[in-house]
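Open the model in your viewer and keep the selection panel at hand. The tour goes stop by stop.

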2 protein chains.
Amino acid sequence: MTGRGTGPVVVLVEDEPQMRRFLRVALEAEGYRTVEAPTAAEGLQQVAGHNPELVLLDLGLPDGDGVDVTRQLRTWTTVPVIVLSARGQEGDKIAALDAGADDYLTKPFSTGELLARMRVALRRAERRDTPADAVFELDGLRVDRERRLVSVHGAEVRLTPTEYRLLALLVQHAGKVLTHRFLLAEVWGPGRTAQTHYLRVYMQQLREKLEADPARPRWLRTEPGVGYRLHVAS
Amino acid sequence: MTGRGTGPVVVLVEDEPQMRRFLRVALEAEGYRTVEAPTAAEGLQQVAGHNPELVLLDLGLPDGDGVDVTRQLRTWTTVPVIVLSARGQEGDKIAALDAGADDYLTKPFSTGELLARMRVALRRAERRDTPADAVFELDGLRVDRERRLVSVHGAEVRLTPTEYRLLALLVQHAGKVLTHRFLLAEVWGPGRTAQTHYLRVYMQQLREKLEADPARPRWLRTEPGVGYRLHVAS
DNA sequence: CGGCATCTTGATGATTTCCTGATGCGGGGG
DNA sequence: CCCCCGCATCAGGAAATCATCAAGATGCCG
């Protein structure tokens with residue numbers, strides 16, 4: 001990755017080096033991180049690999065049409081795509097937009113307008129990122145992942161970020177046994193899959209906050225030698 | 001309502017009768033139902049009254065700026081807004097887009113492109129759930145997003161623009177936890193998602209102005225390590 | 001050019017969360 | 001019977017995050 005910082009990641013699919021450089025400089029000055037791809041094939045790869053917040057896509061690529069790239073992307077991702085093109089024909093615009101592009105800018109365009117349209121696309125995308133079926137409920141235990149709220153028999157429970165992540169994982173795979181290794185990798189990163197002690201401490205804290213009798217857990221069951229599990233049956 | 005059928009409802013805010021007629025005919029031929037408004041004030045009313053799927057907004061209105069109309073709308077609804085303008089200056093575009101518009105078309109534009117961009121906006125807006133009311137009230141806290149008025153137990157509270165934007169976001173997602181990153185991106189732009197200090201300062205100011213006891217907030221709750229939330233339950 | 005409102009930035013103490021070590025408990029094998 | 005191992009439990013200090021106050025910087029308006 002070329003850019004630094006913590007801003008959104010943008011994939012630039014553009015064959016002309018000069019244009020690429022211009023975009024990279026402009027975007028990085030605004031705090032974006034950029035990934036560059038000079039061809040359609042590489043563009044698809046980079047999007048798949050980096051899972052960016054936005055894609056800037058040139059229509060005239062050496063190895064394929066930008067419209068096809070858009071159609072390809074739309075089969076598996078809803079990442080915002082802004083098309084940049086030298087062609088300003090109505091037909092081109094309609095084809096690109098109907099293929100799934102979010103906006104269409106005709107070269108030459110002003111940097112300010114590009115940035116403004118990028119902000120629009122990011123704004124829209126941010127709002128859509130919330131799945132609606134995010135409420136889990138089981139026998140008094142309620143986990144609302146949209147609001148990030150947890151309650152037991154109606155009483156709201158305050159969880160720390162780590163506690164919540166752990167619980168969210170268990171809920172997501174309700175009923176299944178999750179190994180120590182898996183939980184550690186997901187919550188603390190792949191680096192510390194040996195610190196099983198972390199898990200014990202946080203499971204204890206979760207039980208303390210959620211279970212009526214923490215010593216005899218109803219939901220947060222231990223699977224000795226393997227890991228933990230959110231028990232679903234009665 | 002002028003249009004027939006069951007298609008999406010579109011509010012046309014446009015003072016020129018000829019242009020209005022042209023749009024109405026073009027849209028109804030595509031199956032849209034149209035509602036017309038010749039002024040900014042009437043436009044706001046029609047949007048509030050019809051809860052349309054889309055708004056087409058002319059910038060040059062007799063009784064106010066279209067950018068202001070957009071900003072007004074955005075304080076309480078996320079309905080897609082496409083701006084139509086005779087002015088093609090970069091500054092106009094950026095102002096409108098940053099005020100919350102989803103797209104900006106410079107007159108004269110082709111009908112085909114307009115319809116394609118409308119399809120994009122409708123596609124993007126799909127599967128969302130903001131039956132947002134223009135006036136939010138909760139237990140003495142009142143936020144009128146149509147008039148941009150905030151009051152606590154009847155007493156009006158003066159908020160700075162940034163304070164209001166922050167509060168409006170919290171109100172729009174009342175009950176949900178909004179992450180630092182999200183709030184910063186919405187209020188200060190995607191570039192400064194690391195300046196959590198801004199948030200602390202402004203949350204403090206909001207609490208100072210709204211809460212009876214700023215140190216023990218009733219509405220503006222901190223979610224440590226995550227973000228902030230407008231508390232709705234008891 | 002002030003004056004005013006607002007936004008930004010810095011400094012400091014309080015609070016919350018995280019990590020870590022110590023200790024207790026219980027079952028299985030020697 | 002005792003030791004060892006995995007798990008549970010408790011608690012204290014380190015680190016990160018948050019609240020608070022206030023002083024500069026900025027921009028706007030007359």
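For sorting surfaces by residue class, Ala, Val, Leu, Ile, Met, Phe, Trp, Tyr, Cys and Pro count as nonpolar, Asp, Glu, Lys and Arg as charged, and the others, Gly among them, as polar. This is a predicted model.

**Stop 1: DNA strand C**

Apply those classes to the surface near DNA strand C. It holds 11 nonpolar, 6 polar and 3 charged residues.

Now select the residues that come nearest. There are 20 residues around DNA strand C, and the nearest are A:Thr160, A:Thr162, A:Tyr198, B:Thr162 and B:Tyr198. On the DNA side, look at the backbone: sugar and phosphate make up 68% of the strand C atoms that come within 4 Å of the protein.

Zoom in on chain A. The side chain of A:Thr162 places an N or O atom 2.4 Å from a phosphate oxygen of DNA strand C. For A:Tyr198, the distance from a side-chain N or O atom to a phosphate oxygen of this strand is 2.5 Å. Add A:Arg158: a side-chain N or O atom there is 3.3 Å from a phosphate oxygen of DNA strand C.

Which elements give two or more residues to this surface? Colour helix H6 (161–172) and H8 in chain A, then helix H6 (161–172) and H8 in chain B.

**Stop 2: DNA strand D**

Switch to the other strand in this tour. Select A:Arg200, A:Gln204, A:Thr222, B:Gln204 and B:Thr222; of the 20 residues around DNA strand D, these come nearest. Sugar and phosphate account for 78% of the strand D atoms within 4 Å of the protein.

Stay with chain B for the phosphate contacts. B:Gln204 has a polar side-chain atom 2.5 Å from a phosphate oxygen of DNA strand D. In B:Thr222, a side-chain N or O atom lies 2.5 Å from a phosphate oxygen of the strand. For B:Arg207 the corresponding distance to a phosphate oxygen of DNA strand D is 2.8 Å.

Show helix H8 (196–210) of chain A and helix H8 (196–210) of chain B. These are the elements that give two or more residues to the surface near DNA strand D. By class, the residues of this surface divide into 6 nonpolar, 10 polar and 4 charged.

**Stop 3: a hairpin in chain B**

Select B:220–230. Strand S13 (residues 220–223) and strand S14 (residues 227–230) of chain B pair antiparallel over 4 bridges. Find B:Glu223; B:Gly227 in S14(B) stands opposite. The two strands form a hairpin with 3 residues between them. In the turn, B:Gly225 has a positive phi of about 80°.

**Stop 4: where chains A and B meet**

Hide the DNA. Show both chains as surfaces. How many residues of chain A are in contact with chain B? Chain A puts 40 residues in contact with 44 of chain B. The area buried between the two chains is about 3700 Å², with 45% from carbon and sulfur atoms.

Turn on side chains. Across this interface there are 11 salt bridges. One to pick out is A:Lys93 with B:Glu113, at 3.1 Å from N to O. Side chains of opposite charge can pair when their charged atoms come close. The interface also has 26 residue pairs in polar contact, both at pLDDT 80 or more.

Colour the chain A side by element. Helix H4 (90–99), strand S7 (103–106) and helix H5 (111–128) each give two or more residues to it. H5(A) supplies the largest share, 13 residues. By class, this side of chain A has 13 nonpolar, 7 polar and 20 charged residues.

**Stop 5: three strands in chain A**

Select A:141–157. Strand S9 (residues 141–144) and strand S10 (residues 149–152) run antiparallel, joined by 4 bridges. A:Leu141 has A:Val152 in S10(A) as its bridge partner. The hairpin of S9(A) and S10(A) has 4 residues between the strands, and A:Arg148 in the turn has a positive phi of about 60°.

Move on to strand S11 (residues 155–157), which pairs with S10(A) in the antiparallel sense over 3 bridges. A:Ser151 stands opposite A:Glu156 in S11(A). This hairpin has 2 residues between its strands; A:His153 takes a positive phi near 50°.

**Last stop: a salt bridge within chain A**

Over all chains the count is 40 salt bridges. Select A:Glu36 and A:Arg24, whose side chains meet in one at 2.4 Å, N to O. A:Glu36 lies in strand S2 (residues 33–37) and A:Arg24 in helix H1 (residues 17–29) of chain A, so the pair ties together parts that are 12 residues apart in sequence.

How values were computed. Residues are numbered from 1 along each chain as its sequence is written. Chains are lettered from A and ligands numbered from 1 in the order in which they are written. This is a predicted model: local features need pLDDT of at least 70, side-chain atom pairs count only at pLDDT 80 or more; totals for chains, interfaces and linings use all residues. Side-chain values use heavy atoms; hydrogens and water are left out. A residue is near a molecule or strand if one of its heavy atoms lies within 4 Å of it. A polar contact is a pair of N or O atoms within 3.5 Å; within protein, one must be able to donate a hydrogen and the other to accept it, and residues adjacent in sequence count only if both atoms are side-chain atoms. Contact means heavy atoms within 4.5 Å. Buried area is the accessible area (1.4 Å probe) that two parts lose on being put together, summed over both. A salt bridge is a side-chain nitrogen of Lys or Arg within 4 Å of a carboxyl oxygen of Asp or Glu. Two strands pair if DSSP finds at least two bridges between them.
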